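Me: Could you take me through the salt bridges in this model, one by one, and then show me how they fit into the rest of the chain? I work at the bench, so please keep it friendly and concrete.

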Amino acid sequence: MSVAETIRRKIEAALLPERLEIVDESHLHKGHSGHRPEGETHFRVTVVAAGFSGKSRVERQRLVAAALKDEMGAPIHALSMKTLTPEEAAAS
């Protein structure tokens, strides 16, 4: 299973998102710390979930990081997150 598929499976199980976008940005970090030739080290995710309601940005990001705790550090070197409630996503 690819790292992106693992990210999808774990975030979907933990947060039941209405929308989940996963972008592998590893190619943008070639030659930088943590990059591997096979890629799948640097990701950007957008997660829209009702469970984020009433939570701060930091609390939301902690929920995502907790879902991916086994992957953080290796194989995921960097994870950029955008976390929104469905209402916030509709307004943007």
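Reply: **A close look at the salt bridges**

Let's begin with E25 and R44, whose side chains meet in a salt bridge with an N to O distance of 2.6 Å. This pair links distant parts of the chain: E25 sits in the loop between β1 (19-24) and β2 (42-48), R44 belongs to strand β2, and the two are 19 residues apart. Please keep in mind that the model you are looking at is predicted.

How accessible are the two partners? E25 has a relative accessible area of 16%, so it is buried, the cut-off for that word being under 20%. R44, with a relative accessible area of 33%, is partly exposed.

By the rule applied here, the chain has 6 salt bridges. Two others are worth a visit, and helix α1 has a part in each.

One of them joins R8 and E12, with side chains meeting at 3.7 Å, N to O. Both residues lie in helix α1, and the 4 residues that separate them amount to about one turn of the helix. Both partners are partly exposed: R8 because its relative accessibility is 32%, and E12 because its value is 36%.

The other one leads away from the helix. D70 forms a salt bridge with K10, the closest N and O atoms being 3.7 Å apart. K10 is in helix α1 while D70 is in the loop between α2 and β3 (78-84), so this pair ties together parts that are 60 residues apart in sequence. The two ends have opposite labels: D70 is exposed, with a relative accessible area of 54%, whereas K10 counts as buried at 18% relative accessibility. This bridge also has company, since K10, D70 and E71 are linked in a network of salt bridges.

E71 brings us to another residue of α1. T6 is found in this helix, and if you leave aside its neighbours within four places in sequence, T6 is in contact with M1 and E71. At 12% relative accessibility, T6 counts as buried.

K10 has a second role, in the packing of two helices. What describes such a pair? Two packed helices are described by the angle between their axes and the distance between the axes. Here, helix α1 (residues 3-15) and helix α2 (residues 57-67) pack at an angle of about 125°, and their axes are 9 Å apart. The two helices are therefore oblique to each other, and α1 passes α2 in a right-handed crossing. On the α1 side the contact is made by K10, I11, A14 and L15, and on the α2 side by L63, V64 and A67. By type, the residues of this contact divide into 6 nonpolar, no polar and 1 charged.

V64 gives us a way from that helix contact to strand β3. T83 is found in this strand, and V64 is one of the residues that T83 touches. The full set, not counting residues up to four places away in sequence, is V47, F52, R57, R60, Q61, V64 and E88. With a relative accessible area of 9%, T83 is buried.

A little further along is A89, which is found in helix α3 (residues 86-91). Buried or exposed? A89 is buried, with a relative accessible area of 15%. Beyond residues up to four places away in sequence, A89 touches R19, V48 and L84. Of these, R19 is 70 residues apart from A89 in sequence, yet their C-alpha atoms are 9.4 Å apart in space.

Now for the whole chain. There are 3 helices and 3 strands, and from the N terminus on they run α-β-β-α-β-α. Of the 92 residues, 35% count as buried; E25, K10, T6, T83 and A89 are among them. What share of the contacts with a separation of 6 or more comes from residues 24 or more positions apart? They account for 62% of those contacts.

To return to your request, two of the three bridges we visited link separate parts of the chain, E25 with R44 and D70 with K10, while R8 and E12 pair up within helix α1.

Methods:
Residues numbered from 1 in each chain as written. Predicted model: local features only at pLDDT ≥ 70, side-chain atom pairs only at ≥ 80, totals over all residues. Heavy atoms only, no water. Axes fitted to C-alpha atoms, helices over the stretch in contact; angles between N-to-C directions. Parallel < 35°, antiparallel > 145°, perpendicular 65-115°, else oblique. Left-handed = near helix turned anticlockwise from the far one by under 90°. Contact = heavy atoms within 4.5 Å. Nonpolar A, V, L, I, M, F, W, Y, C, P; charged D, E, K, R; others polar. Buried < 20%, exposed > 50% of the residue type's maximum accessible area, 1.4 Å probe, protein only. Salt bridge = Lys/Arg side-chain N within 4 Å of Asp/Glu carboxyl O.
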